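Me: I've got a structure here that I'd like to talk through with you. Can we start with its surface charge and work inwards?

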Amino acid sequence: MISKLGVPFEPLLDTQEAAAMLQIHPKTLQKMARAGTVPSHRIGDLWRFRASELDRWVRAGVNSKPPLV
């Protein structure tokens, strides 16, 4: 999306949308955002997320634990 200033702008996802994308409960995502374990942006008292940042985070395996053997 292009902003009124002509600068590309990626729309932000709310907690419900981002949680659905990650297939986790919204409360779990909020808890992770508060802890700083997931890329997020706090705007006032609301959490917002960029799909591209979440995608990079998942692909990088951030906070992934090795499988139990």
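Me: Which residues gather in a patch of positive charge on the surface?

Reply: Bear in mind that this is a predicted model, where local features need pLDDT of at least 70, side-chain atom pairs count only at pLDDT 80 or more, and totals for chains, interfaces and linings use all residues. Residues are numbered from 1 along each chain as its sequence is written, and side-chain values use heavy atoms, with hydrogens and water left out. A patch takes residues with over 30% relative accessible area and no salt bridge, joining like charges within 9 Å. The positive patch here consists of Lys27, Lys31, Arg34 and Arg42.

Me: Which helix brings the largest share of that patch?

Reply: Helices are DSSP runs of H or I with at least four residues, strands are E runs of at least two, and both are numbered from the N terminus. Arg42 sits in strand 1, residues 41-43. Three residues of the patch, its largest share, come from residues 26-35, which is helix 2.

Me: Is Arg42 buried or exposed?

Reply: Buried is under 20% relative accessible area, exposed is over 50%, and partly exposed is in between, using a 1.4 Å probe and protein chains only. Arg42 has 52% relative accessibility, so it counts as exposed.

Me: How many salt bridges does a search of the whole structure find?

Reply: The test is a side-chain nitrogen of Lys or Arg within 4 Å of a carboxyl oxygen of Asp or Glu. Glu53 and Arg50 make one such pair, at 3.8 Å from N to O. Arg59 and Asp55 make another, at 2.9 Å. The count for the whole structure is two.

Me: Where do Arg59 and Asp55 lie?

Reply: Arg59 is exposed at 68% relative accessibility, while Asp55 is partly exposed at 34%. They're four residues apart, about one turn, and both belong to helix 3 (residues 51-60).

Me: And Glu53, buried or exposed?

Reply: Its partner Arg50 is partly exposed at 23% relative accessibility. Glu53 has a relative accessible area of 18%, so it counts as buried.

Me: Which helix gives the most to the largest nonpolar core?

Reply: A nonpolar core is a set of buried Ala, Val, Leu, Ile, Met, Phe, Trp, Tyr and Cys residues joined through side-chain atoms within 4.5 Å. The largest one has eleven residues, including Leu13, Trp47, Phe49 and Trp57. Helix 1 (15-22), helix 2 and helix 3 each supply at least two of them. The top contributor, with three residues, is helix 1.

Me: What pattern does the protein follow along the sequence?

Reply: There are three helices and two strands to place. Read in order, they give α-α-β-β-α.

Terms used:
Patches are made of residues with over 30% relative accessible area and no salt bridge: like charges are joined within 9 Å, nonpolar side chains (Val, Leu, Ile, Met, Phe, Trp, Tyr) within 5 Å. Accessible areas come from the Shrake-Rupley method with a 1.4 Å probe; for residues, only the protein chains shown count as cover. Lys and Arg count as positive and Asp and Glu as negative; His and the chain ends are not counted. The place of a charge is taken as NZ of Lys, CZ of Arg, CG of Asp or CD of Glu.
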